[in-house]
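Thanks for making the time, everyone. I would like to walk you through one model this morning, going from its interior out to its pockets, so please have a look at it before I begin.

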Amino acid sequence: MSHLFSEFTLTSPRGPLTLANRAVVAPMCQYSANNGLATDWHLMHWGNMLNSGAGLFIIEATAVTARGRITPQCLGLWDDTTAAALNNTLDRARHLAPKVPVCIQLSHAGRKASSSAPWEGGQLLDAAHGGWQPEGPSALPHLAQETPPDAISAQGLADIQAAFVQAAQRAQDMGIEAVELHGAHGYLLHQFLSPLSNQRNDGYGGNFESRIRFPLEVFQAVRAAFKGSLGMRLSATDWVEGGWTPEETADLALRLKQAGADFVHISSGGISPQQKIAIGPEYQVPFAKLVKQKSGLPTMAVGLITTPQQAEDVLVRGDADLVALARAFLYKPRWMWEAAAALGGTVQASHQYWRCMPREAQGIFGAVRIGQR
């Protein structure tokens, strides 16, 4: 049997979460919310991804506070109104697809908040253009020419931690099976980890132990409240000399495991415009392999894994337990159907699609039957 199409089980305090296969739809920001509220765009997008055949679908970076949005158009889960919109939209999408476990990525953008959407340039917005004052570990801007963010106070840290917990509780109430905390790509939790963005002189900055303190505290607080599968996405390296390193990532992953993590999702970069990324096929897979070996946590690999055979090879080698794809699923929402045909696997599909199979892919939906007179 294909490794990609074999089952995988994540643990959780409330019991095992079994995935039908080892492909994951990675979280992809859509920048299409209305004041944090999910819209019809999300209904269409989530319905598409839930019909992709992947074993797990992760909802995009979802802000735990309004101030923590990347852009004014980012999805939110910070109050009853945003929760109701997300719950309603997700429930409708799930009724239009086979049963697929859902994970949500909870996030705070920190100093990278108040940005315009990528197709509008992606730069810092001022108040006159719908922006707001960002906050971060230190009063250090992401780009040198930008207005510095506010350094978060001790009370501010407590408030943000509480916001993560409340968002996770809301996700749990609506039946979402897993939560991923966003500790990558230069957003707030990553900003605390990296010495490039965290130059605090209190107990949350300085050496490794102090820099990981706030992300760990957030994780522990969410773990106490959320009973589904819980993990964190991490940038394994800043790709900048003197920044966060793969070895530190592996060390943090081990501590997350001890704190009750069920998985870790390994990416890289995003903290600094000085990054020099060695991009190529599977360029982040070695980081996932290192973290898996050092921590023993179930590990997701992501990054320029674009073909079914690549995904299969990553799993066969044991470099990761799960393979996550983002842009590949945007470009080909039925990527897993093609992978099933190539690797001899099967996928779930809504019965409305059962008649679509070309001759070379007759078995990808399993033993389905259709008739007509």
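Which residues have the most contacts inside the largest nonpolar core? Before I answer, please keep in mind that what you see is a predicted model. The residues in question are Leu4, Leu86, Leu106 and Leu181, and the core to which they belong has 113 residues. Helix α3, which spans residues 154-173, makes the largest contribution to this core, with eight residues. There is also a second, separate core of eight residues, and among its members are Cys74, Ala109, Ala113 and Ala117. As a general background to this, nonpolar side chains in soluble globular proteins tend to be buried together.

Let me stay with Leu181 for a moment. Leaving aside residues up to four places away in sequence, Leu181 touches Leu106, Phe164, Leu189, Val218, Phe219, Val222, Leu230, Gly231, Met232 and Arg233.

That brings me to strand β8, residues 178-183, where six of the six residues are buried. Ala178, Glu180 and His182 point one way from the strand, while Val179, Leu181 and Gly183 point the other way, and both sets are buried. As for its neighbours, β8 pairs with strand β5, residues 102-107, in the parallel sense over four bridges, and Gln105 is the residue that stands opposite Glu180 of β8. Strand β9, residues 229-235, also runs parallel to β8, and six bridges join the two; here Gly183 has Leu234 of β9 as its bridge partner.

Now to the pockets. The largest pocket holds about 1400 Å³ of space, and of the 49 residues that line it, Tyr31, Lys112, His185, Tyr187 and Arg327 are the closest to its centre. Which elements each supply at least two residues of that lining? They are β12, residues 322-325, and α10, residues 327-331, with α10 giving the most, namely three residues. By character, the lining of this largest pocket divides into 24 nonpolar, 20 polar and five charged residues.

The second largest pocket has a volume of about 310 Å³, and it is lined by 21 residues, of which Ala20, Asn21, Gly55, Lys99 and Gln348 are the closest to its centre. Its lining comprises 10 nonpolar, nine polar and two charged residues.

To return to where I started, if you take one residue away from this talk, I would suggest Leu181, which is among those with the most contacts inside the largest nonpolar core and is buried on β8.

Definitions and conventions: Residues numbered from 1 in each chain as written. Predicted model: local features only at pLDDT ≥ 70, side-chain atom pairs only at ≥ 80, totals over all residues. Heavy atoms only, no water. 1 Å grid on protein atoms, 1.4 Å probe; cavity = no way out; pocket = protein on both sides within 12 Å on 5 of 7 lines; lining within 4 Å. Points joined across faces, edges and corners; volume = space filled by probe spheres on them. Nonpolar A, V, L, I, M, F, W, Y, C, P; charged D, E, K, R; others polar. Buried < 20%, exposed > 50% of the residue type's maximum accessible area, 1.4 Å probe, protein only. Pairing = 2+ DSSP bridges. Core = buried A, V, L, I, M, F, W, Y, C linked by side-chain atoms within 4.5 Å. Contact = heavy atoms within 4.5 Å.
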